[in-house]
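Trainee: I would like to go through the salt bridges here. Where should we begin?

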Amino acid sequence: MQPPLFPRESGQFIAERSRDVFVEEEGVQKVAEMLYNLRHSEDLTAGGWRKANPLAPAPTSDQALNWVFVVDTMNFSFWPEGESQQCEVTYEGTTYTGYMTLCAAITRAMKEGLPITDPKYFSQMSVEELGHVLRSDNETPVPMLQERHQVLTEGGRVLQDHGGSFRSFISPAGNDARKMVERIVEKIPSYRDAAQYEGKSISFYKRAQILVADFWGVMEARGEGDIIDMDWLTMFADYRVPQALVYLGALRYSDALMQALNNGELLRSGDRREVEIRGCSIWSVELIRDRLRKLVHERDGQTCNINSAVIDFYLWPYAKQHHKEMAHIPIHHTRCIYY
């Protein structure tokens, strides 16, 4: 069987054939201009990741790398069934929802003395123990607890088989981002985020790519971020960033898709429309990145090193911050372990 196209090539393949999602040239230019005006901001650096996620441990320890692995392995499907049914976690006086509940819960468990970042522990923990770690402040539990337990214990066993830490597991890939993604996807089944589209095997590898990007963020904060091939990474195709791309005009949904999403239709993982949303999101960010680099070259006579991962690190919190303004744009809902 043919291996799937890599995410960038998948995005292009999908965008060229998409029937319900369209990359809009004018919007791509607009977002590139917006990012051009922020080109000297810390928001468009690997360090911006740390600012966006203050719950991560200090980057100086390898525990921070294991924390990133634990969080990224369970980084999927946080959307609530209804607005009144949000899972919430309060840590040090701040109440978090969505993805940040996971970060807060893992950091809370560390503070409580649980060795939650030790693969020896989390590879063998029970569903009940994980349920306690991820406990909500209210009656609404974190979605998909059984699946989170399955992927976390599976990931922990893989780390145990490869030196007992994420650092030792990833080290055979050297400092090459592409090789890191390939190693993660090859060794850990839950990271194999792929689908079929128009007779072609395609991939998104959202969690594998974000794991590498988060690893880079930690290493960069240590002054060790000389990872090559970061340009190979694409944006991380989830449900929050596509909404921001539609809001900013870089993506457009067909009337039929808008209606289906507004009606609350759940899209299964691998549904043609779901694949188009994710693939066109990837391709639009690739075009935004290329356009941004062109602007910097033309106007400043300089080389721009901003990559798609950094653009994603900017767009994700942007979507959270502007959620009220973009409330009229529906988020697509897919319950799965990939995002």
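Mentor: Keep in mind that this is a predicted model. Begin with E286 and R8, whose side chains meet in a salt bridge.

Trainee: What is the N to O distance between E286 and R8?

Mentor: A salt bridge requires a side-chain nitrogen of Lys or Arg within 4 Å of a carboxyl oxygen of Asp or Glu. The side chains of E286 and R8 meet in such a bridge, with an N to O distance of 2.7 Å.

Trainee: How many residues apart in sequence are the parts that this pair, E286 and R8, ties together?

Mentor: R8 belongs to helix α1 (residues 7-15) and E286 to helix α14 (residues 272-300), so the pair ties together parts whose separation in sequence is 278 residues.

Trainee: Is E286 buried or exposed?

Mentor: Buried means under 20% relative accessible area. R8, its partner, has 25% and is partly exposed. E286 has 0%, so E286 counts as buried.

Trainee: Which residue forms a salt bridge with E286 at 3.5 Å?

Mentor: The residue lies in helix α14, 3 residues from E286, so the two are separated by about one helical turn. It is buried, with a relative accessible area of 6%. The closest N and O atoms are 3.5 Å apart, and the residue is R289. Salt bridges that share partners join R8, E286, D290 and R289 into one network.

Trainee: Which residue meets D193 in a salt bridge?

Mentor: D193 sits in the loop between α10 (177-187) and β4 (194-197), and its partner is in helix α14, 85 residues apart. Both residues are buried. The side chains meet at 2.7 Å, N to O, and the partner is R278.

Trainee: How many salt bridges are found in the whole structure?

Mentor: The pairs E286 and R8 and D193 and R278 are among them. A search of the whole structure gives a total of 24.

Notes. Residues numbered from 1 in each chain as written. Predicted model: local features only at pLDDT ≥ 70, side-chain atom pairs only at ≥ 80, totals over all residues. Heavy atoms only, no water. Helix = DSSP H or I, 4+ residues; strand = E, 2+ residues; numbered from the N terminus. Buried < 20%, exposed > 50% of the residue type's maximum accessible area, 1.4 Å probe, protein only.
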